[in-house]
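Please read the following account alongside the sequence and the coordinates, moving from the ligand site to the enclosed spaces inside the protein.

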Amino acid sequence: MSRINVCGGDGGAGCMSFRREAYVPKGGPDGGDGGDGGNVVIEADAQLSSLIDYRFKHHFRAERGTHGQGSRKNGRAGEDLVLKVPLGTVIWELDPETMAHTHQLADLAVDGERVIVAPGGRGGRGNPHFVTSVRRAPAFAEKGEPARDHWIELELKLMADAALVGMPSAGKSSLIARMSAARPKIADYPFTTLVPNLGMVRAGNHSFVVADIPGLIEGASEGRGLGHTFLRHIERTALIMHVVDITGGLEGRDPLEDYRIIKEELAAYAPELASRPQIVIANKCDVSGMTDRIAQLRSLAAQDGHPFFAVSALTGAGLQPLILSAGQLVSELRAELSKSTSSVQDMSEVLEQRRLEREARFEVVAEGSRAWRVRGAEIERLVVQTDWENDEAVTYLQSRFAHIGLDAALERAGAQTGDEIRIMDTAFSYEGDEFDEKHVASS
Ligand SMILES: Nc1nc2c(ncn2[C@@H]2O[C@H](COP(=O)(O)OP(=O)(O)OP(=O)(O)O)[C@@H](O)[C@H]2O)c(=O)[nH]1
Ligand SMILES: [Mg+2]
């Protein structure tokens, strides 16, 4: 898990310029627009296997847009900054104050899948945009929009093709040790496995990844045992390999009952998990006297439409057909999956929408006597994008304030002529219908 701060590039400034023609004192406005800032994009890359790149570097910023120029030359957009992450990365937006998850931005499962996590600032508009019937020669342009940074969290979910699930001590770790090079701890007490183990299994000429997860018990879906966290991990595995201890274990449980319990836990956690392709495995078949039980479990599995294998992790009996069948199923499921998933996901619209909603809000609060502070992202951005040296730009800003409803809000709050209105480090005096800039503190 890594927390990183991402910020798009700032927008370039719009240009204030007038066409120069021979014998014409001042031609029409021809300032180009500033280029948009680059986006920060996260891309899933099948070559990567960890988030190690984000362990020590936490701040990422895309390139800024360049400024517009005369003769309607627009600025160049900033390059996107592409951050690569392994498949199985989940991206969360964090609350800047509490660092709590606020929204899942993406769940990257397909190679090459991309998501914009921090849009660049828009370029400022050049002066031709501000021409109106009464303002033929606008002598101002808009500054670029500064990009905003925010924190996101990258979380790597387990990406296994198949997961071994079952009661504690059913022999899940013994099986993964037999099928792959993984060497997990194996012991005759429950909950030997505390964190999932991964193993690469060779099946003929292809291979697949199997996860051995901690044992599940009755109530796992409600958080009993270690279950809950690990059920979350198998949400994305294509195939479930359900292991049943056919001997009933040291406590002498009924294997058919065990099978039912695990089935119900999966369904209770997510109905969709229970309907996932499943293979049922009777383990410990080397123990004598199991023939009837094996036959009973086989028919239960058949009723549920699952392939069934009787094996022994101890002797290796029956494992080869199981591995080949699991490998076959996994490659079929993979082919289906890659057909159904779209490869580009653009969260910038969602982010943009949510930002607009947040930004449109502003608040007016009394700050001492006859002074008012106004806070709100859009209003603050307008102030930042305004060139204060330029009277026309300031007049334009005032008309925007009226449009947003700031005048009305101040009046409602009880502001009187001559009161000081503060926005960020800028102060104005309130003139009833109009503002007069009093001073601008340099920042
Ligand atoms: N006779 C016999 N014993 C087995 C077989 N497979 C596993 N065992 C034994 O069963 C016990 C539990 O095995 P594990 O592989 O640790 O079981 P697990 O399902 O990973 O257990 P947890 O991690 O606790 O959930 C160990 O004592 C193993 O030696 C088998 O095929 N035959
Ligand atoms: Mg284990």
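Helices are here taken as DSSP runs of H or I with at least four residues, and they are numbered from the N terminus. In this predicted model, the element that gives the most to the shell around ligand 1 is helix 1, residues 172-179, which supplies three residues. The shell as a whole holds 23 residues, of which K172, S174, T192, T193 and D286 come nearest to the ligand. By character, the residues of this shell divide into ten nonpolar, nine polar and four charged.

Several side chains place polar atoms beside oxygen atoms of ligand 1. A polar side-chain atom of S174, a residue already listed among those that come nearest, lies 2.6 Å from an oxygen atom of the ligand. For S173, an N or O atom of the side chain is 2.8 Å from an oxygen atom of ligand 1, and for K284 the corresponding distance, again from a side-chain N or O atom to a ligand oxygen, is 3.0 Å. Of the 650 Å² of accessible area that ligand 1 has on its own, the protein covers 87%.

From the ligand site we turn to the enclosed spaces. The structure holds two cavities of 30 Å³ or more, and the largest of them has a volume of about 80 Å³. Its lining is made up of F130, F140, A141, E142, L382, Q385, T386, D387, A393, Y396 and L397, and these residues divide into seven nonpolar, two polar and two charged. Helix 9, residues 391-404, provides the largest share of this lining, with three residues. With regard to domains, the lining of the largest cavity draws at least three residues from domain 1 (1-157) and at least three from domain 3 (361-440).

The second largest cavity contains about 40 Å³ of space, and the residues that line it are G166, M167, A170, H242, V243, V244, D245, D258, Y259 and I262. Two or more of these residues come from each of strand 12 (239-245) and helix 3 (255-269), and strand 12 gives the most to the lining, with four residues. In character, the lining of the second largest cavity divides into six nonpolar, two polar and two charged residues.

Which element, then, gives the most to the shell around ligand 1, and which to the lining of the second largest cavity? For the ligand shell the element is helix 1, whereas for the lining of the second largest cavity strand 12 takes that place.

Note on methods: Residues are numbered from 1 along each chain as its sequence is written. Chains are lettered from A and ligands numbered from 1 in the order in which they are written. This is a predicted model: local features need pLDDT of at least 70, side-chain atom pairs count only at pLDDT 80 or more; totals for chains, interfaces and linings use all residues. Side-chain values use heavy atoms; hydrogens and water are left out. A residue is near a molecule or strand if one of its heavy atoms lies within 4 Å of it. A polar contact is a pair of N or O atoms within 3.5 Å; within protein, one must be able to donate a hydrogen and the other to accept it, and residues adjacent in sequence count only if both atoms are side-chain atoms. Accessible areas come from the Shrake-Rupley method with a 1.4 Å probe; for residues, only the protein chains shown count as cover. Ala, Val, Leu, Ile, Met, Phe, Trp, Tyr, Cys and Pro count as nonpolar, Asp, Glu, Lys and Arg as charged, and the others, Gly among them, as polar. On a 1 Å grid over the protein atoms alone, a cavity is a set of points where a 1.4 Å probe fits but cannot get out, and a pocket is an open set with protein on both sides within 12 Å along at least five of seven lines; lining residues have an atom within 4 Å of a point. Grid points are joined across faces, edges and corners, and a volume is the space filled by probe spheres set on the points. Domain bounds come from an automatic or database domain assignment.
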